[in-house]
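Here are some exercises to work through with the model open beside you. Each one sets a task and then walks through a solution.

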Amino acid sequence: MGIPPSALLRQARLPVTLPQTGQVITTAQYFALMRALETLSDDPAVGLKIVRSADTAVHPPSTLAAFYARDLRDGLERLARFKRLCTPETLQVTDGLDGGRRSCTVGMSWFHASEAEPSVSVDATFATLMELARRGTGTDVRPLRVDLARPGKRSAAHESYFAAPVRLGAPRDLLVLDAADLDRPFPGHNPELLAMLTPALGAALEEMQARSLSEQVILELKRSLPSGRPDVGEVARRMGMSERTLQRRITEEGHSFRELLVEARRELGRRLLSDEALELDEIAFLLGYQDATSFHRAFREWEGVTPARWRQLRSNDATYTAH
């Protein structure tokens, strides 16, 4: 969209080094990025445009699989099932009647949201669903209507894209499809590709859902560390539980919050050191240390060598493997 990533990150008040850390972001950070995108683009329809202009091939496997489904219903079901691999969000797909016509209504729900989903994010999700319907079937699928919770006046850009009535100020964000469109076949249906993708995506989903609480805390800490050293209360809030409950459940699994923080720093530290472009002082800061000396001392306790030596040994191993 012509917006430099660094400008977007600054507008969202996120670290400009975020792309180098390889870390996923929290729901609040994602919402901040979406609001920043709308501000910098000065375009209320930017969420529609970023999806409409994107090639299908850039979608992650969890979304890409839907485009090779048997029909639109199968595509929606695959998208709803595997979306958790990308975002802590669910798609709620419900069959019913709308004005006497058989319909299928799609809504969204975020697990860790403490605020309303930004308009850009809603538009991007609904545009993804429409691009799935239109590119998948090869026809100009049109919804029965689009309900948007945001206030405001009539949006010509939205009505033009959806080619359907768009209601603002609705109770919640909903995309209402004609149930007859869900039976439209996908000419690009690829059962061989789905046979490879589906088991892998299913296994990844099971692994994510089976993760212990301690592992979830470590993951949350690795997400949070680049933005500052998180405390147990902040982590508990992000995970949707009280501090007391989190502490108790961690103890029941035989760990302490301090132990999990150390492990999160160790795992993230190794990942950051793998990026030769990051200076050691930067890595120490991203791990929440006040100075590089504290990071050096901690890393030596973990690995038995200094960070610089660990990076050198890893580089030598990579060179040897290449030869």
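Let's warm up with a pair of aromatic residues: Tyr289 is buried, and so is Phe295, where buried means under 20% relative accessible area, exposed over 50% and partly exposed in between, with a 1.4 Å probe and protein chains only. Keep in mind that this is a predicted model, in which local features need pLDDT of at least 70, side-chain atom pairs count only at pLDDT 80 or more, and totals for chains, interfaces and linings use all residues. Residues are numbered from 1 along each chain as its sequence is written, and side-chain values use heavy atoms, with hydrogens and water left out.

**Exercise 1. Classify the ring pairs of Tyr289 with Phe295 and of Phe299 with Trp302.**

Step 1. Recall the rule: rings of Phe, Tyr and Trp (its six-membered ring) pair if their centres lie within 6.5 Å; planes under 30 degrees apart count as stacked, over 60 as edge-to-face and the rest as tilted.

Step 2. Apply the rule to the pair from the warm-up. The ring centres of Tyr289 and Phe295 are 5.9 Å apart and the planes stand at 40°, so this pair is tilted.

Step 3. Now take Phe299 and Trp302. Their centres are 5.9 Å apart and their planes 65°, which makes the pair edge-to-face.

Step 4. Place that second pair. Phe299 and Trp302 are three residues apart in helix H15 (residues 292-303), so about one helical turn separates them. Helices (H or I, at least four residues) and strands (E, at least two) are DSSP runs, numbered from the N terminus. Phe299 and Trp302 are both buried.

Step 5. Widen the view. Tyr289, Phe295, Phe299, Trp302 and Trp310 make up one aromatic cluster, and the count of aromatic pairs comes to eight.

**Exercise 2. Which residue lies over the face of Tyr289?**

Step 1. Use this test: a charge sits over a ring if NZ of Lys or CZ of Arg is within 6 Å of the ring centre and within 35 degrees of the ring normal.

Step 2. Arg265 lies over the face of Tyr289, at 3.9 Å from the ring centre.

Step 3. Look for another example. The charged end of Arg134 sits over the ring of Tyr161, 5.0 Å from the centre of that ring.

**Exercise 3. Describe the surroundings of Arg150, starting from the loop where it is found.**

Step 1. Locate the residue. Arg150 is in the loop between strand E3 (145-148) and helix H8 (156-162).

Step 2. Check its exposure. The relative accessible area of Arg150 is 15%, so this residue counts as buried.

Step 3. Find its polar contacts, meaning pairs of N or O atoms within 3.5 Å; within protein, one must be able to donate a hydrogen and the other to accept it, and residues adjacent in sequence count only if both atoms are side-chain atoms. The side chain of Arg150 has such a contact of 2.7 Å with that of Asp123 and one of 3.4 Å with that of His158.

Step 4. Turn to the partner. Asp123 belongs to helix H7 (residues 119-137) and is buried, with a relative accessible area of 1%.

Step 5. List neighbours, taking contact as heavy atoms within 4.5 Å. Not counting residues up to four places away in sequence, Asp123 touches Pro44, Gly47, Leu48, Leu148, Arg150 and His158.

**Exercise 4. Work out how Arg70, Asp71, Asp74 and Arg78 are linked, then examine the pair Glu267 and Lys222.**

Step 1. State the criterion: a salt bridge is a side-chain nitrogen of Lys or Arg within 4 Å of a carboxyl oxygen of Asp or Glu.

Step 2. Arg70 bridges to Asp71, with the closest N and O atoms 3.8 Å apart. Arg70 is partly exposed at 48% relative accessible area, whereas Asp71 is buried at 13%.

Step 3. Asp74 bridges to Arg78 at 3.3 Å between the closest N and O atoms. Both lie in helix H6 (residues 72-82), four residues apart, about one turn of the helix.

Step 4. Put these together: Arg70, Asp71, Asp74 and Arg78 are linked in a network of salt bridges.

Step 5. Glu267 and Lys222 meet in a salt bridge of 2.8 Å, N to O. Glu267 is in helix H13 (residues 257-273) and Lys222 in helix H10 (residues 213-224), so the pair ties together parts 45 residues apart in sequence.
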